[in-house]
Amino acid sequence: MKSRADTLLLFGATGDLAQRMLLPSLCALNAGGLLDPNLKIIGTARTAMDDAEFRNFARAALEKFLPAERRGPIAEFLNRLHYQPLDVTNPDSFAELAVKVGPEGKRVAIFLSTAPSLFEATIRGLETAGLAGEGSRIGLEKPLGLDLASSREINDAVASAFPERRIFRIDHYLGKETVQNLLALRFANILFEPLWNAQHIEHVQITVGETVGLEKRADFYDQTGALRDMVQNHMLQLLSLVAMEPPSSFESEAVRDEKVKVLRALRPVGRGESVTGQYRDGAVSAQIVPGYDEELGRDSETETFVAIKAHVDNWRWKGVPFYLRTGKRMPKRVTEILVQFRDVPHSIFKGVQTKPNKLLIGIQPEENITLSLMAKVPGLDRDGIALREVPLDIAMPDAFSGKERRIAYERLLLDLIDMDQTLFVRRDEVEAQWSWVDKIRELWGEERLTPKPYAAGSWGPSAAIALAERDGVTWHE
């Protein structure tokens with residue numbers, strides 16, 4: 001493959017993301033025979049290390065975060081790894097990095113897992129050192145700004161050295177098997193597409209629940225909040241995949257063209273269509289946990305929970321509400337999409353209550369797809385047929401996640417190396433997402449909306465329940 005990278009550069013190679021996700025993903029790809037034998041992997045960060053020390057560091061990360069059965073020939077993988085200390089604020093450091101890459105490194109895949117404040121200096125250094133040439137491509141880990149204006153600044157800095165076709169903005173949700181399976185479900189089956197519209201779908205729910213609190217992200221999270229941390233990227237990407245029109249092909253531009261049309265069709269959120277919350281002390285998984293302010297060590301009005309009633313104003317979705325809900329310190333860790341169809345227009349079963357069909361797409365922690373149907377209750381009865389709701393059981397193990405539970409970054413790193421942008425976010429997508437989110441924050445400011453308290457271990461403030469119940473909708477739990 002002509003565009004396949006011969007060198008992978010990992011910036012922030014000693015950070016938490018590299019230890020938990022990037023190094024394990026690369027090792028698993030190596031074990032599966034998916035990396036070119038000649039691919040050279042170079043880690044770089046401010047920490048002073050040589051190649052041997054970095055390999056020992058990587059080994060420790062793999063033993064901690066990658067199951068033994070997925071490591072494969074670990075010594076073979078470790079021998080791929082090299083390391084170059086680098087201070088991105090010192091332009092001279094990049095010349096040493098270029099020497100490490102070597103003259104054979106003509107096609108370089110670069111993964112930036114660093115603070116966005118360092119992006120501009122990093123881009124300048126790469127360009128000066130000759131590492132931003134035609135064969136290079138760059139992957140950017142979020143956050144990409146705190147609003148539309150700061151996002152544009154970051155994108156402008158990157159675009160000064162890399163054209164859009166060589167920029168890979170990462171949303172790791174797009175690397176998940178079930179998220180990709182959503183595309184297969186919709187566009188590889190004749191069953192759903194004729195029903196995938198306002199005539200047959202009553203509403204859609206997207207829930208992203210986290211049981212964790214601040215962990216090690218206190219300062220970042222307090223200036224970000226749930227809306228910018230989860231809704232602006234992950235949840236809007238899921239919404240766009242649910243709502244998009246069929247693309248002409250599974251090619252990057254065709255898929256992303258349809259996603260951005262959805263994002264641009266999002267109606268601005270109106271008054272009474274959003275709820276914010278902040279967790280107080282409570283119990284999660286039978287463990288007593290402190291409230292947000294206690295964890296943070298100071299008072300704050302940052303939201304840790306958001307519920308939104310959204311609308312996509314186009315022919316397919318006119319009048320169909322999309323209910324979005326995300327929060328920290330929820331009762332369970334879950335990411336799921338519920339598509340609720342409309343009830344049958346007329347029931348032939350007298351005195352029997354039918355229920356609408358539901359399609360539940362589980363993304364994490366379990367990857368599965370369940371369709372609920374109405375069926376007859378077994379047995380004999382002189383009073384007529386009794387009905388019950390039953391899940392459609394595919395009865396096939398590993399149907400959606402595969403025999404090996406892959407890390408989302410495996411797919412994304414492989415596509416970065418192969419220069420396939422299909423599962424990455426284009427600049428106009430990012431800006432459409434920020435434009436919608438910024439208007440929500442402006443509305444909150446006008447309404448002087450402050451987060452409502454909710455107990456840790458609950459599904460958020462009661463106002464979030466009321467947001468859906470006003471329309472006769474119950475959140476799926």
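Helices and strands here are DSSP runs, numbered from the N terminus. With that naming in hand, we can take a walk through this predicted model, starting at a single residue and working outward.

Our starting point is Leu-413, which sits in helix H11. Is this residue buried or exposed? Its relative accessibility is 1%, and buried means under 20%, so Leu-413 counts as buried. If we set aside neighbours within four places in sequence, Leu-413 is in contact with Leu-22, Ser-25, Leu-26, Leu-29 and Phe-111. For a sense of scale, Leu-413 and Ala-161 are 252 residues apart in sequence, and their C-alpha atoms are 21 Å apart in space.

Now step back to the whole of H11, which covers residues 408-418. Ten of its eleven residues are buried, so the helix is largely enclosed by the rest of the structure. Among the buried ones are Ala-408, Tyr-409, Glu-410, Leu-412 and Leu-413, along with Asp-415 and Asp-418. What do these buried residues pack against? Their partners are helix H1 and four strands: S1 (7-11), S4 (108-112), S5 (137-140) and S6 (167-169). Just after H11 comes Met-419, and its phi is positive, near 65 degrees.

H1 leads us to the next stop. Two packed helices are described by the angle between their axes and the distance between the axes. H1 spans residues 16-31 and helix H2 spans residues 51-65; their axes come within 9 Å and cross at roughly 95 degrees. That angle makes H1 roughly perpendicular to H2. On the H1 side, the meeting residues are Gln-19, Arg-20, Leu-23, Pro-24 and Cys-27. Facing them from H2 are Phe-54, Phe-57, Ala-58, Ala-61, Leu-62 and Phe-65. By character, the residues of this contact between H1 and H2 divide into nine nonpolar, one polar and one charged.

A second pair of helices is worth a visit too. The axes of helix H9 (residues 252-264) and helix H12 (residues 427-447) come within 9 Å and cross at roughly 15 degrees. H9 is therefore roughly parallel to H12, and it passes H12 in a left-handed crossing. Which residues meet there? H9 brings Arg-256, Lys-259, Val-260, Leu-263 and Arg-264, while H12 brings Asp-428, Glu-429, Ala-432 and Gln-433. The contact of H9 with H12 divides into three nonpolar residues, one polar and five charged.

One of those residues, Glu-429, deserves a closer look. Glu-429 has its place in helix H12, and it is buried, with a relative accessible area of 0%. Leaving aside neighbours within four places in sequence, Glu-429 is in contact with Arg-256, Lys-259, Val-260 and Leu-263, and also with Gln-237 and Phe-424.

Helix H8 (residues 218-243) has a feature of its own: a bend of about 100 degrees at Gly-225. H8 is mostly covered, with 22 of its 26 residues buried.

From the helices we can turn to the loops. After H12, in the loop before strand S17 (452-455), we find Arg-448. Arg-448 has a positive phi of about 50 degrees although it is not a glycine. With 75% relative accessibility, Arg-448 counts as exposed.

Another arginine, Arg-329, lies in the loop between strand S12 (321-327) and strand S13 (334-341). Its phi is near 60 degrees, a positive value in a residue other than glycine. Arg-329 counts as buried, because its relative accessibility is 12%.

Arg-329 is also one of the residues touched by Ala-456. Ala-456 is found in the loop between S17 and helix H13 (462-469), and at 5% relative accessibility it counts as buried. Not counting residues up to four places away in sequence, Ala-456 also touches Tyr-279, Arg-280, Asp-281, Gly-282, Ala-283, Val-284 and Val-289. Ala-456 and Lys-328 are 128 residues apart along the chain, and their C-alpha atoms are separated by 8.1 Å.

Our last stop is the loop between strand S14 (358-364) and strand S15 (368-376), where Pro-365 lies. A cis peptide bond joins Gln-364 and Pro-365, with omega about 0 degrees.

Terms used: Residues are numbered from 1 along each chain as its sequence is written. This is a predicted model: local features need pLDDT of at least 70, side-chain atom pairs count only at pLDDT 80 or more; totals for chains, interfaces and linings use all residues. Side-chain values use heavy atoms; hydrogens and water are left out. Axes are lines fitted to C-alpha atoms, for helices over the stretch in contact, and angles run from 0 to 180 degrees between N-to-C directions. Helices (H or I, at least four residues) and strands (E, at least two) are DSSP runs, numbered from the N terminus. Angles under 35 degrees count as roughly parallel, over 145 as roughly antiparallel, 65 to 115 as roughly perpendicular and the rest as oblique. A crossing is left-handed if the near helix is turned anticlockwise from the far one by less than a right angle, and right-handed if clockwise. Contact means heavy atoms within 4.5 Å. Ala, Val, Leu, Ile, Met, Phe, Trp, Tyr, Cys and Pro count as nonpolar, Asp, Glu, Lys and Arg as charged, and the others, Gly among them, as polar. The bend at a residue is the angle between axes fitted to the seven residues ending there and the seven starting there. Buried means under 20% relative accessible area, exposed over 50%, partly exposed in between (1.4 Å probe, protein chains only).
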